Amino acid sequence: MRYNLAALQNLVDQFERMQGIGHKTAQRMAFYVLGLSDEETRAFTDAITEAHTKIHQCKICCNLAEEELCPICKNPARDKSVVCVVEDPRDVAAIERTHEYNGLYHVLHGLISPMDGIGAEQLCIKELLARLNDTVKEVIMATNPDTEGEATAMYIARLLKPFDVRVTRLAYGI
Ligand code: ZN
């Protein structure tokens, strides 16, 4: 269904651009916004603007951060000899919840996916190679054990060969 109110249609279109959001859900979200008071609308748009301006990628691990470095990279108690490579920031949160890992992370922000036109150069892989130094002894590949996760892990493992690090494979089943 299309609306002849341009502003409403625009709102529906914006929500529908989100991955996994279908037309029906986009309509529901648009009507939710329409039902907000002026004050609630301001709080909503402020949240979007604030998240956009304040949150960026950590200079070291590419995880989300409000400062130059994320809290994990900044924490002196973390084991800097191990780097766990994950697909996205939600994986970091999931592993952190287990309280069983005390090393550092590296967030790729996606997986290599020729079907979706995502190549290695679009992921944070060069940032991973750039941080390998004498301190890093082990890189744990913790991408999901599906086709894209495996392909990405193998691709990165190959790039890591020239470096003096142990590469291990771990599926957290997130
Ligand atoms: Zn970081």
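Is Arg 90 buried or exposed? At 64% relative accessibility, Arg 90 counts as exposed. Please keep in mind that this is a predicted model. Here are my notes, point by point.

1. **Arg 90 and its partner.** Arg 90 joins Asp 88 in a salt bridge, with an N to O distance of 2.9 Å. The two ends sit in contrasting surroundings: Arg 90 is exposed, whereas Asp 88 is buried, with a relative accessible area of 13%.

2. **Glu 96 and Arg 78.** Another salt bridge runs between Glu 96 and Arg 78, whose closest N and O atoms are 2.9 Å apart. This pair links distant parts of the chain, 18 residues apart: Glu 96 belongs to helix α5 (residues 89-98), while Arg 78 lies in the loop between α4 (71-74) and β3 (79-86). Arg 78 is buried at 10% relative accessible area, and Glu 96 is partly exposed at 23%.

3. **Glu 150 and Arg 169.** Here the closest N and O atoms of the salt bridge are 3.3 Å apart. Once more distant parts of the chain are linked, with Glu 150 in helix α7 and Arg 169 in strand β6 (residues 166-169), 19 residues apart. Both ends are partly exposed: Glu 150 has a relative accessible area of 31%, and Arg 169 comes to 33%. In total, the count is 8 salt bridges.

4. **The zinc site.** You will probably want to look at the cysteines next. Cys 58, Cys 61, Cys 70 and Cys 73 coordinate the zinc ion through their SG atoms, at 2.3 to 2.4 Å. Along the sequence, these donors follow the spacing C-x2-C-x8-C-x2-C. The arrangement is tetrahedral because the 4 donor atoms subtend angles of 103 to 118 degrees around the zinc ion. For reference, the ideal angle for four tetrahedral donors is 109.5 degrees. Cys 61 is buried, at 1% relative accessibility, and Cys 70 and Cys 73 are both buried too.

5. **Cysteines and disulfides.** Searching the whole structure turns up 0 disulfides. Cys 62 is worth a look here: its closest cysteine sulfur, in Cys 124, is 3.3 Å away, too far for a bond, since a disulfide needs the two sulfur atoms within 2.5 Å. Cys 62 counts as buried, at 3% relative accessibility.

6. **Thr 143.** This residue is in the loop between β5 (138-141) and α7 (147-160), and Thr 143 is buried, with a relative accessible area of 0%. Its C-alpha atom is 5.7 Å from that of Glu 87, although the two residues are 56 apart along the chain.

7. **A nonpolar patch.** On the surface, Tyr 32, Phe 44 and Ile 48 make a nonpolar patch of about 300 Å². Of these, Tyr 32 is found in helix α2 (residues 23-34).

Terms used: Residues are numbered from 1 along each chain as its sequence is written. This is a predicted model: local features need pLDDT of at least 70, side-chain atom pairs count only at pLDDT 80 or more; totals for chains, interfaces and linings use all residues. Side-chain values use heavy atoms; hydrogens and water are left out. Patches are made of residues with over 30% relative accessible area and no salt bridge: like charges are joined within 9 Å, nonpolar side chains (Val, Leu, Ile, Met, Phe, Trp, Tyr) within 5 Å. Accessible areas come from the Shrake-Rupley method with a 1.4 Å probe; for residues, only the protein chains shown count as cover. A salt bridge is a side-chain nitrogen of Lys or Arg within 4 Å of a carboxyl oxygen of Asp or Glu. Helices (H or I, at least four residues) and strands (E, at least two) are DSSP runs, numbered from the N terminus. Donors are N, O and S atoms within 2.8 Å of the metal (3.2 Å for Na, K and Ca); water is not among the atoms, so sites may look incomplete. Four donors count as tetrahedral if all angles lie between 85 and 135 degrees; four count as square planar and six as octahedral if opposite donors are over 155 degrees apart and all others between 65 and 115; anything else is irregular. Buried means under 20% relative accessible area, exposed over 50%, partly exposed in between (1.4 Å probe, protein chains only).
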